[in-house]
Amino acid sequence: MGCCQSSFFSGKDHRPARNRARPSNSGDVLPAFSEFSLSDLKSATNNFASDHIVSEVGRNAPNVVYKGRLHNRHWIAVKKFTTIAWPDPKQFAEDAWGVGKLRHKRIAKLIGYCCDGDERLLVAEYMPNDTLAKHLFHWENQTIKWAMRLRVALYIAEALDYCRAEGHPLYNDLSAYGVLFDENGDPRLSCFGLMENTRDGVGMLEYNRNGMITPESVVFSFGTLLLDLLSGKHIPPNHALDMIRGKNILPLMDSHLEGNFSTEEATVVSDLASHCLQYEPRERPSTKDLVATLAPLQNEADVPSYVLLGIPKHEEAPPKPQPPLSPMADACSRMDLTAIHQILVMTHYRDDEGTNELSFQEWTQQMRDMLDARKRGDLAFRDKDFKNAIDCYSQFVDVGNMVSPTVFARRSLCFLLCDQPDSALRDAMQAQCVYPDWSTAFYMQSVALAKLEMHKDAADMLSEASALEEKRLRGCRGP
């Protein structure tokens, strides 16, 4: 059940408030997914000034990307669409919320959107080290090393496989321009291409032929990306298969590598590209196959990306002094699931007050059955029968007549204890949708992100949760 549905069933708008970034005293933290105001984004980009444009082709791009800075000093990327691309504001907002739920270390995060009159804008975290296209086609100091090219291929394959598993298998115009490098030099997939209805004006061969983008056409585009990595040149999709059909691998390779690559590895990548470019979509590999083929080629996995990319090491700012941690913050920082369980049992449903407004007519037999499922889930949760608790809470959630942030938080912990961090993160984000300022939802996200080895995101989320909890406690204490 998505955020929009949660809001509908409860009779309230539970989406987070506009641009709910934390103030600077909580650290340089990305905001939770938000609806930004147009004035916020104008301020961040100096009224969309031309010197803030970071699109590779500047103002000639169909949908221009600007660099901006929020009031909390965090850098963002803002993509401005034409109304033609998104005539329906409701569809634009719903798709943005769907993409905003995706959280993976291989994807640049979408953190918000703006839909104001004819304006359609997306807001993402800013990637400071340019695009793959810049490093591959327009480099100044050094070309990309072979090991980094293999890393790019794997990381983007992992991003696509994650998106497929999360129900977002389509990607518009996958190319070297959609691969970005973060502050540590790690390659990440731009989130902008995940918006299903975008039209960037650069049509793929598959889109033109079939009239629609399919998961198989995304794999086709990945094949052209592999050829770009091999050759160091931008290969047009309609010429891609001709580049490798029946040819020796050596003439295809980028001469700027000066022979510093493994012919065996290059042959594996070339063969994989050939499979991706098969005319019949059903003959192309799956995203899982892409990952399985590319993972064994990573022979320099211990070398940091910034070294392979030839950029300076990113230095983290010294941490600011933090106030003493609350019991929940302390348990989450230590990833002590047993302590978190005890706190959630003690809290019970105290924080659910006001998240549901049910009329007398809604107390049907179905409602009673649903509440009984929740009660059975609570008993299983208390008794640490976490798999049974998941089943019972799922019965409660699936009916959809009531929303409960506590149920989502409890089921999130159950998923963590059953070693399912992806599902745990989804539930914690659902709890936030229902109750945008609930610190527990953010705490649970921080633990799930840490389990997924997204440690920087986990630390940011823990900081935001602490700030929310402190704000709430100040409100309870009064002036």
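Four cavities of 30 Å³ or more turn up in this chain when they are counted. The model they come from is a predicted one. Let us step into one of them: the second largest cavity has a volume of about 40 Å³. Which residues line the second largest cavity? Its walls are formed by Ala147, Leu150 and Arg151, together with Leu297, Gln298, Asn299, Glu300, Ala301 and Leu308. Helix α5 supplies the largest share of this lining, with three residues. Sorted by class, the lining of the second largest cavity has five nonpolar, two polar and two charged residues.

Now for the chain as a whole. The secondary structure comes to 20 helices and seven strands. The chain has 479 residues, and 54% of them count as buried. Its accessible surface is about 22000 Å², and carbon and sulfur atoms account for 51% of that area. Among contacts with a separation of 6 or more, 67% join residues 24 or more positions apart.

What happens on the inside? In soluble globular proteins, nonpolar side chains tend to be buried together. Here the largest nonpolar core has 81 residues. Tyr113, Leu122, Leu132, Ile156, Phe222, Leu227 and Leu294 are the ones with the most contacts inside this core. Helix α5, which spans residues 146-165, gives the largest share of the core, 14 residues. So helix α5 appears twice in our tour, as the main contributor to the core and to the lining of the second largest cavity. Apart from the largest core lies another, of 50 residues, with Ala389, Leu452, Leu462 and Leu468 among them.

Leu227 is a good place to pause, since it is one of the residues with the most contacts inside the largest core. Which residues does leucine 227 touch, not counting residues up to four places away in sequence? They are Gly232, Ile235, Ala240, Met243, Ile244, Leu252, Ala273 and Leu277.

Three other residues show how the chain brings together positions that are apart in sequence. The table gives each one with a partner, their separation along the chain and the distance between their C-alpha atoms.

| Residue | Partner | Separation in sequence | C-alpha distance |
|---|---|---|---|
| Glutamate 469 | Serine 439 | 30 residues | 5.4 Å |
| Leucine 452 | Glutamine 420 | 32 residues | 9.5 Å |
| Threonine 214 | Proline 169 | 45 residues | 7.9 Å |

Glutamate 469 sits in helix α20, which covers residues 455-477. Is glutamate 469 buried or exposed? Its relative accessible area is 17%, and buried means under 20%, so glutamate 469 counts as buried. Leaving out residues up to four places away in sequence, glutamate 469 touches Ser326, Met328, Ser439 and Tyr443. Ser439 is thus a residue in contact with glutamate 469 as well as its partner in the table.

Leucine 452, already met as a member of the core of 50 residues, is found in the loop between α19 (439-451) and α20. Leucine 452 is also buried, with 18% relative accessibility. Beyond its neighbours within four places in sequence, leucine 452 is in contact with Lys105, Pro421, Asp422 and Leu425.

Threonine 214 lies in a loop too, the one between α6 (205-210) and α7 (215-231). At 15% relative accessibility, threonine 214 counts as buried.

Our last stop is the backbone, where two residues other than glycine have a positive phi. One is asparagine 47, with phi near 60°. Asparagine 47 is found in the loop between α2 (38-44) and β2 (64-69). Why does asparagine 47 count as exposed? Exposed means over 50%, and the relative accessible area of asparagine 47 is 52%.

The other is methionine 335, whose phi is near 55°. Methionine 335 belongs to the loop between α13 (327-333) and α14 (337-347). With a relative accessible area of 30%, methionine 335 is partly exposed, whereas asparagine 47 is exposed.

Definitions and conventions:
Residues numbered from 1 in each chain as written. Predicted model: local features only at pLDDT ≥ 70, side-chain atom pairs only at ≥ 80, totals over all residues. Heavy atoms only, no water. Core = buried A, V, L, I, M, F, W, Y, C linked by side-chain atoms within 4.5 Å. Buried < 20%, exposed > 50% of the residue type's maximum accessible area, 1.4 Å probe, protein only. Helix = DSSP H or I, 4+ residues; strand = E, 2+ residues; numbered from the N terminus. Contact = heavy atoms within 4.5 Å. 1 Å grid on protein atoms, 1.4 Å probe; cavity = no way out; pocket = protein on both sides within 12 Å on 5 of 7 lines; lining within 4 Å. Points joined across faces, edges and corners; volume = space filled by probe spheres on them. Nonpolar A, V, L, I, M, F, W, Y, C, P; charged D, E, K, R; others polar. Areas by Shrake-Rupley, 256 points an atom, 1.4 Å probe, with all protein chains shown as cover.
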